[in-house]
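Dear colleague,

I am passing on the structure we spoke about, and I would be glad if you could look through it alongside the notes below.

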Amino acid sequence: EGEEGESAAAKAAREAERAEVAALLAEENVAELADEDKEKLTVLDSLTGCPKPGDVLMFAVPVCGPYTALGAYKYKLKLTPGAVKKGRAARQAQELLARAPQAG
């Protein structure tokens, strides 16, 4: 009975957690993906150019392109040709992004 009771308790806890997650997702109007769609996702699908205030930024992926194409990105720098050496320009870009206030 002890093992079966624990198993039933574990199942009940899992079901309660699923119900809580479903309620939170419904409250936020977030649709959960079907299992077959979840299998199709890759790591690239988790990347975004516009992080939300609650997101934890773990990594940054540098992207180069026309400035107009990067308009939707939250954090961006415009590099222009000039006399600044590559290493110095890279350090300046890192410092600028490190000191940037959190965009809201």
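What follows covers the pockets first and then the contacts between charged and aromatic side chains.

Please keep in mind throughout that this is a predicted model. The largest pocket has a volume of about 1400 Å³, and 34 residues line it, with Ala60, Val61, Pro62, Tyr75 and Leu97 lying nearest its centre. By character, that lining divides into 24 nonpolar, six polar and four charged residues. The second largest pocket holds about 250 Å³ of space, and the residues that line it include Leu77, Lys78, Leu79, Thr80 and Pro81; its lining is made up of seven nonpolar, three polar and two charged residues.

Lys78, one of the residues lining that second pocket, also has its charged end over the ring of Tyr67, 5.4 Å from the ring centre. Aromatic pairs, on the other hand, number zero in the structure.

There are two salt bridges. In one, the side chains of Arg18 and Glu15 meet at 2.7 Å, N to O, and both residues belong to helix H1 (residues 2-27), where they are three residues apart, about one turn of the helix. Arg18 counts as exposed because its relative accessibility is 52%, whereas Glu15, with a relative accessible area of 47%, is partly exposed.

The other salt bridge joins Arg99 to Glu95, with the closest N and O atoms 3.5 Å apart. These two residues lie four apart in helix H3 (residues 86-99), so about one helical turn separates them. Arg99 is exposed at 66% relative accessibility, while Glu95 is partly exposed, its relative accessible area being 42%.

With best wishes

Conventions:
Residues are numbered from 1 along each chain as its sequence is written. This is a predicted model: local features need pLDDT of at least 70, side-chain atom pairs count only at pLDDT 80 or more; totals for chains, interfaces and linings use all residues. Side-chain values use heavy atoms; hydrogens and water are left out. Rings of Phe, Tyr and Trp (its six-membered ring) pair if their centres lie within 6.5 Å; planes under 30 degrees apart count as stacked, over 60 as edge-to-face and the rest as tilted. A charge sits over a ring if NZ of Lys or CZ of Arg is within 6 Å of the ring centre and within 35 degrees of the ring normal. On a 1 Å grid over the protein atoms alone, a cavity is a set of points where a 1.4 Å probe fits but cannot get out, and a pocket is an open set with protein on both sides within 12 Å along at least five of seven lines; lining residues have an atom within 4 Å of a point. Grid points are joined across faces, edges and corners, and a volume is the space filled by probe spheres set on the points. Ala, Val, Leu, Ile, Met, Phe, Trp, Tyr, Cys and Pro count as nonpolar, Asp, Glu, Lys and Arg as charged, and the others, Gly among them, as polar. A salt bridge is a side-chain nitrogen of Lys or Arg within 4 Å of a carboxyl oxygen of Asp or Glu. Buried means under 20% relative accessible area, exposed over 50%, partly exposed in between (1.4 Å probe, protein chains only).
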